[in-house]
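Grab the viewer and work through these short exercises on salt bridges and surroundings. Try each task before you read its solution.

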Amino acid sequence: MRRIVTAVTAGALLALGGCASLSKSQCLADDWETVGYRDGANGVSSSALMRHQNACVKHGVTPDREAYLAGWRNGVEQYCQPANGFAVGEAGGGFSNVCPPRLQEAFHAAWQDGRRLHVARAELNATYQAIDQRERRLREVKAELADIAAGMLEADATVADRAALLVTAKDLAEEQGRLTSEIEELTAEAAVREERLAQLEQTLAYAH
């Protein structure tokens with residue numbers, strides 16, 4: 001089976017991290033600047049503070065809005081670096097519209113480049129998978145044709161049995177030809193996609 005093309009970076013995994021509600025211990029820790037920083041560094045909107053408030057109020061804790069926003073702004077500064085935008089796009093993450101205007105354009109452009117690389121890899125992988133599926137079926141067809149050939153030689157096979165086997169063999173032979181043709185076409189398509197991916201990896205600023 002062909003090697004599936006992947007490129008998920010540690011930074012992208014961080015950026016794609018979840019934003020679940022806070023636990024009781026996190027609420028009681030009362031470290032709202034760190035909570036805000038974590039959300040900002042993960043590209044989470046500052047509106048997450050409302051969700052945290054809803055989670056913590058049942059524990060008798062009210063978030064420190066100013067501390068949270070101060071941390072969040074620092075986290076967003078880290079998140080909105082172009083290299084991270086590229087990593088998020090490359091890993092298949094969606095665009096998070098949280099960056100301040102002075103960082104937005106460069107971040108979005110880098111995210112788009114990463115997204116192009118992600119799509120190119122996904123398309124190549126889909127082509128590989130299509131080839132693998134047809135190759136597996138082709139092997140099955142060849143095995144079935146071999147069984148039919150053996151069945152035709154069975155001493156107790158009747159004329160009707162052999163006639164039925166011939167009909168099945170004809171259908172399988174047609175399928176074999178179709179699969180062979182599709183595999184050739186998909187292999188040529190994969191070669192084109194491989195070349196396109198290689199060019200993208202060489203030309204995009206943050207590709208690695």
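**Exercise 1: a charged pair and its surroundings**

R137 is partly exposed, with a relative accessible area of 23% (buried means under 20% relative accessible area, exposed over 50%, partly exposed in between, using a 1.4 Å probe and protein chains only). Before going on, keep in mind that this is a predicted model, where local features need pLDDT of at least 70 and side-chain atom pairs count only at pLDDT 80 or more, while totals for chains, interfaces and linings use all residues. Residues are numbered from 1 along each chain as its sequence is written, and side-chain values use heavy atoms, with hydrogens and water left out.

Task: find out which salt bridge R137 makes with E144, and which network R137 belongs to.

Step 1. Recall the rule: a salt bridge is a side-chain nitrogen of Lys or Arg within 4 Å of a carboxyl oxygen of Asp or Glu.
Step 2. Check the pair: the N to O distance between the side chains of R137 and E144 is 3.1 Å, so by the definition they form a salt bridge.
Step 3. Look at the partner: E144 is partly exposed too, at 30%.
Step 4. Widen the view: salt bridges link R137, E140, E144 and E175 in a network.

**Exercise 2: bridging distant parts**

Task: work out which helices E77 and R102 sit in, and how many residues apart they are.

Step 1. Start with the pair: a salt bridge joins the side chains of E77 and R102, at 2.1 Å from N to O.
Step 2. Place both ends: E77 is in helix 5 (residues 65-79) and R102 in helix 7 (residues 101-152), which puts these distant parts of the chain 25 residues apart. Helices here are DSSP runs of H or I with at least four residues, and strands are runs of E with at least two, numbered from the N terminus.
Step 3. Compare exposure: E77 is partly exposed at 27%, whereas R102 is exposed at 59%.

Now try another pair: what is the distance between the closest N and O atoms of E123 and R193? The answer is 3.0 Å, in a salt bridge. E123 lies in helix 7 and R193 in helix 8 (residues 159-203), so parts 70 residues apart in sequence are tied together. E123 is partly exposed, at 33%.

**Exercise 3: the whole protein**

Task: how many helices, strands and salt bridges are there?

Step 1. Count the elements: there are 8 helices and 0 strands.
Step 2. Count the bridges: the rule gives 13 salt bridges.
Step 3. Add burial: of the 208 residues, 36% are buried.
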